[in-house]
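Let's take a walk through this one, beginning with a single pair of residues and working outwards. Have the sequence and the model open as you read.

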Amino acid sequence: MSYLDQLHRLADGTADRVVAIVASWQDGDLTEEEATALIVAVIEAGHAQATVLADAGLAADLTVTTGTLVAPVALVAASQAVRLRKAATTLLAAVEDTPDPQARARRLGRSEPLTRAAEARGEAIAAQPDVTGWVRQLNPDACQLCVWWSRDGRGWPADHPMPTHPGCTCTQQPITRKESA
């Protein structure tokens, strides 16, 4: 299973759990405070998994590219509980006025691990000594904005952050010293 397959599976699983929490809250099985805390916990767990996945996925890619074993840099996801609490509170407050509350809950649950994975991959690229830069690897259904951001395959310095949008599944393809030589 590829890095992107695993990332999609993680994002979908996180989204499914957020949708289930919102449904339980709507059914009266959870208080608003319980639902908020559970949404934050599920997304924080998704962030942690996305961080490890991005770091290990990059190490695997570099191992294949360089032909030598490359270890992950051991990234750790910082807690974003305050921001996520606000997002969960906003989500629950808007459920009654949202035409498709399940889709809204799914969007939050899916986009959070995708965004964290992109951030973590960028952090790992910047920390890997044999990486000199990166190129945006578009997903098969890339939007117009992502195509524009790719700049026809332009290479960027390793420490330059890749712009993303919620739900973006584009990744940074590393450029190694071996490839640039």
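## Starting at one bridge

Gln 137 has Thr 171 as its bridge partner in β3. Another such pairing puts Arg 136 opposite Gln 172, again in β3. Both belong to a run of six bridges that ties β1 (residues 131-137) to β3, with the two strands antiparallel. Strands here are DSSP runs of E with at least two residues, helices are runs of H or I with at least four, and both are numbered from the N terminus. Two strands count as paired if DSSP finds at least two bridges between them.

A word on what you're looking at: this is a predicted model, where local features need pLDDT of at least 70 and side-chain atom pairs pLDDT 80 or more, while totals for chains, interfaces and linings take in all residues. Numbering runs from 1 along each chain as its sequence is written, and side-chain values rest on heavy atoms, with hydrogens and water left out.

## The whole chain

Overall, the protein has six helices and three strands. Going along the sequence, they come as α-α-α-α-β-α-β-β-α. The C-alpha trace spans about 60 × 35 × 30 Å along its principal axes.

## The sheet and the helix across it

The three strands make an open sheet ordered β2-β1-β3, with antiparallel pairing. β2 (155-157) and β3 (171-176) sit at the edges with a single partner strand each, so one side of each has no neighbour in the sheet. From one strand to the next, the twist averages 40°. On the β2 side, three bridges hold β1 and β2 together, antiparallel once more.

Helix α4 (residues 101-127) lies across β1 and β3, and runs at about 10° to β3. Axes are lines fitted to C-alpha atoms (for helices, over the stretch in contact), with angles from 0 to 180 degrees between N-to-C directions; contact means heavy atoms within 4.5 Å.

## Two tryptophans face to face

Which residue stands opposite Trp 134 in β2? Trp 156 does, and these two turn up again when you look at the rings. Searching the whole structure gives one aromatic pair. The ring centres of Trp 134 and Trp 156 are 6.1 Å apart and the planes are at 25°, so the pair counts as stacked. The pair links distant parts of the chain, with Trp 134 in strand β1 and Trp 156 in strand β2, 22 residues apart.

For the cut-offs, rings of Phe, Tyr and Trp (its six-membered ring) pair if their centres lie within 6.5 Å; planes under 30 degrees apart are stacked, over 60 edge-to-face, and the rest tilted.

## Pocket and cavity

Now for the empty space. On a 1 Å grid over the protein atoms alone, a cavity is a set of points where a 1.4 Å probe fits but cannot get out; a pocket is an open set with protein on both sides within 12 Å along at least five of seven lines; lining residues have an atom within 4 Å of a point. Grid points are joined across faces, edges and corners, and the volume is the space filled by probe spheres set on them.

The largest pocket holds about 150 Å³. Its lining is Ala 87, Thr 90, Leu 91, Arg 104, Arg 107, Leu 108, Ser 111 and Pro 166. α3 (81-94) and α4 each supply at least two of these residues, and α4 gives the most, with four.

There is one cavity of 30 Å³ or more, with about 50 Å³ of space. Among its lining residues are Tyr 3, Leu 7, Arg 121, Cys 168 and Thr 171. α1 (3-26) and α4 are the elements giving two or more residues to that lining, and α4 again contributes the most, with four.
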